[in-house]
Amino acid sequence: MLSGLSFLAHQGRERVEVLESTLEAIAQQQPDWRAGASVFLPRYSPATSQRYANALDEHALYVIADPETRKMHAPYATRGRGRTQQAYLAEENFRVTKARFVQSVLDAQVANGRDILISPSLVHGVTGSSRELELTIDFARRSHDSQQARARTLLFGLEATDHIFADPDARSEMLDQLVELPERPLYMRMMVGGQPNRLGFANRDALFGLRAVVESLADNDRSPLLPQTGLAGWLMLPFGAKAFGAGISSSLQRCTSPEPAGGGGGQPPLPWYFASNVLGFVLASELDELREVEGWEECDCPFCEASPPSARDFNSEAAGQHFLWWCAALANEAHTARSATASVRNRLRDASQFWRAAQGAGVTLDDRSQPKHLAVWTEAVR
């Protein structure tokens with residue numbers, strides 16, 4: 001299941017039927033594409049999580065029940081519908097009762113019916129000390145020795161802030177501890193600051209640091225899966241990542257730092273549409289102008305065919321499914337290419353050329369739609 005490159009589709013706030021029908025369409029129309037799925041345990045009751053996972057099992061290459069143990073950090077700690085129903089989330093002294101905490105985390109995934117398990121992890125870099133990393137390493141070793149992991153695939157969970165990845169000394173210290181673990185893949189998140197948005201992640205130092213970590217792990221037979229990275233994770237496939245993950249909502253395309261809970265703004269969501277021509281999101285109102293640029297290619301995925309994108313009749317559900325389709329397509333392209341590096345570089349080259357042509361044609365996009373990430377992404381994969 002994890003032997004080749006794949007895309008990991010995350011179940012978010014939308015109805016599970018949306019992700020289920022997306023995976024079903026991929027399985028029926030592109031049976032060779034490798035697409036897995038994940039559900040997030042703290043966000044639902046155990047019964048709901050199991051129902052969601054079972055629904056996705058039928059169409060996904062693999063399904064992961066993500067324990068999201070960063071929910072133990074404040075201010076995340078009081079959130080999650082499953083908090084009062086998952087034993088590990090209610091553990092008050094998990095730093096002391098480590099054996100019980102690890103067992104509870106693994107048990108929750110086993111109860112969900114999973115054959116792929118993730119060891120608990122805390123976010124390295126949030127307190128300025130190495131305590132979270134030390135606990136994460138301890139959790140990984142305990143998980144490796146557990147009864148639950150003996151007949152299953154175990155992934156070592158790891159979360160660290162973008163500052164850790166960006167700092168050469170900090171990431172080297174982290175890698176020194178990771179490569180001392182037994183040879184298992186990592187389920188690795190890079191947590192970034194700010195609120196989720198549709199902009200392509202373009203922090204140069206963090207991306208270069210992520211590439212360095214991915215390459216080092218792959219060189220030591222510990223190739224990582226990269227949940228919640230969006231297409232920034234796709235950039236890492238040539239360098240040793242086994243999968244990148246994304247969901248329809250922006251919060252599932254970038255793992256952001258915990259913020260205090262607040263009220264919603266009450267504004268309707270903007271009509272974002274993933275434009276493969278620029279490898280980024282644009283507003284639906286900008287599509288007509290982009291269509292006039294030489295080189296524009298209309299998407300022929302089943303969701304765009306069923307609901308052609310337009311500003312007047314924008315279908316946000318179909319647009320989200322279209323994005324997931326493209327994530328799976330790009331993962332497959334890298335998986336089947338003679339050179340995954342060349343595949344990613346060629347896509348970036350074509351996107352940059354199209355954007356230059358659009359600028360030359362006088363196309364003006366909202367500042368949030370402009371593909372400013374392309375230059376950094378191109379540099380990151382050289």
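**Pockets, cavities and helix contacts**

Me: How do the residues of the lining of the second largest pocket divide by class?
Reply: There are eight nonpolar, four polar and five charged residues in that lining. (Nonpolar is Ala, Val, Leu, Ile, Met, Phe, Trp, Tyr, Cys and Pro; charged is Asp, Glu, Lys and Arg; the others, Gly among them, are polar.)

Me: And what are we looking at here?
Reply: It's a predicted model, with local features needing pLDDT of at least 70 and side-chain atom pairs pLDDT 80 or more, while totals for chains, interfaces and linings use all residues. Residues are numbered from 1 along each chain as its sequence is written, and side-chain values use heavy atoms, leaving out hydrogens and water.

Me: Back to the pocket. What volume does the second largest one have?
Reply: About 350 Å³. (A pocket is an open set of points on a 1 Å grid over the protein atoms alone, with protein on both sides within 12 Å along at least five of seven lines; a cavity is a set where a 1.4 Å probe fits but cannot get out; lining residues have an atom within 4 Å of a point. Points join across faces, edges and corners, and volume is the space filled by probe spheres set on them.)

Me: Which residues are closest to its centre?
Reply: Ser276, Asn277, Glu297, Trp326 and Arg347, out of 17 that line the second largest pocket.

Me: Which elements give two or more residues to that lining?
Reply: Helix H11 (316-336) and helix H12 (340-360). The largest share comes from H12, with four residues. (Helices are DSSP runs of H or I with at least four residues, strands are E runs of at least two, numbered from the N terminus.)

Me: How do H11 and H12 pack?
Reply: The angle is about 135° and the axes are 8 Å apart. (Axes are lines fitted to C-alpha atoms, for helices over the stretch in contact, and angles run from 0 to 180 degrees between N-to-C directions.) That angle makes H11 oblique to H12. (Under 35 degrees is roughly parallel, over 145 roughly antiparallel, 65 to 115 roughly perpendicular, and the rest oblique.)

Me: Which residues meet there?
Reply: On the H11 side, Trp326, Leu330, Glu333 and Ala334; on the H12 side, Ala340, Ser343 and Arg347. (Contact means heavy atoms within 4.5 Å.) The split is four nonpolar, one polar and two charged. Trp326 and Arg347 are also among the residues closest to the centre of the second largest pocket.

Me: New topic: how many cavities of 30 Å³ or more?
Reply: Seven. The largest is about 160 Å³, and 18 residues line it, with Arg198, Leu199, Gly200, Leu231 and Gln253 closest to its centre. Helix H8 (231-234) and strand S12 (280-283) each supply at least two residues of that lining. By class, it has nine nonpolar, seven polar and two charged residues.

Me: What about the second largest cavity, which residues line it?
Reply: Its volume is about 80 Å³. The lining includes Met190, Val192, Phe201, Leu207, Leu210 and Gln253. Strand S7 (186-192) and H7 each supply at least two residues. Its lining holds seven nonpolar, three polar and one charged. Gln253 turns up among the closest residues for the largest cavity too.

Me: At what angle do H6 and H7 pack?
Reply: About 20°, with the axes of H6 (168-178) and H7 (204-219) 11 Å apart. That makes H6 roughly parallel to H7. The contact uses Arg171, Met174, Leu175 and Leu178 of H6 with Gly209, Ala212, Val213, Ser216 and Leu217 of H7. Its residues are six nonpolar, two polar and one charged.

Me: And where do H7 and H13 meet?
Reply: Arg204, Leu207, Phe208 and Arg211 in H7 meet Val376, Trp377, Glu379 and Ala380 in H13. The class count is five nonpolar, no polar and three charged. The axes of H7 and H13 (373-380) come within 10 Å and cross at roughly 30°, which makes H7 roughly parallel to H13. Leu207 is also in the lining of the second largest cavity.
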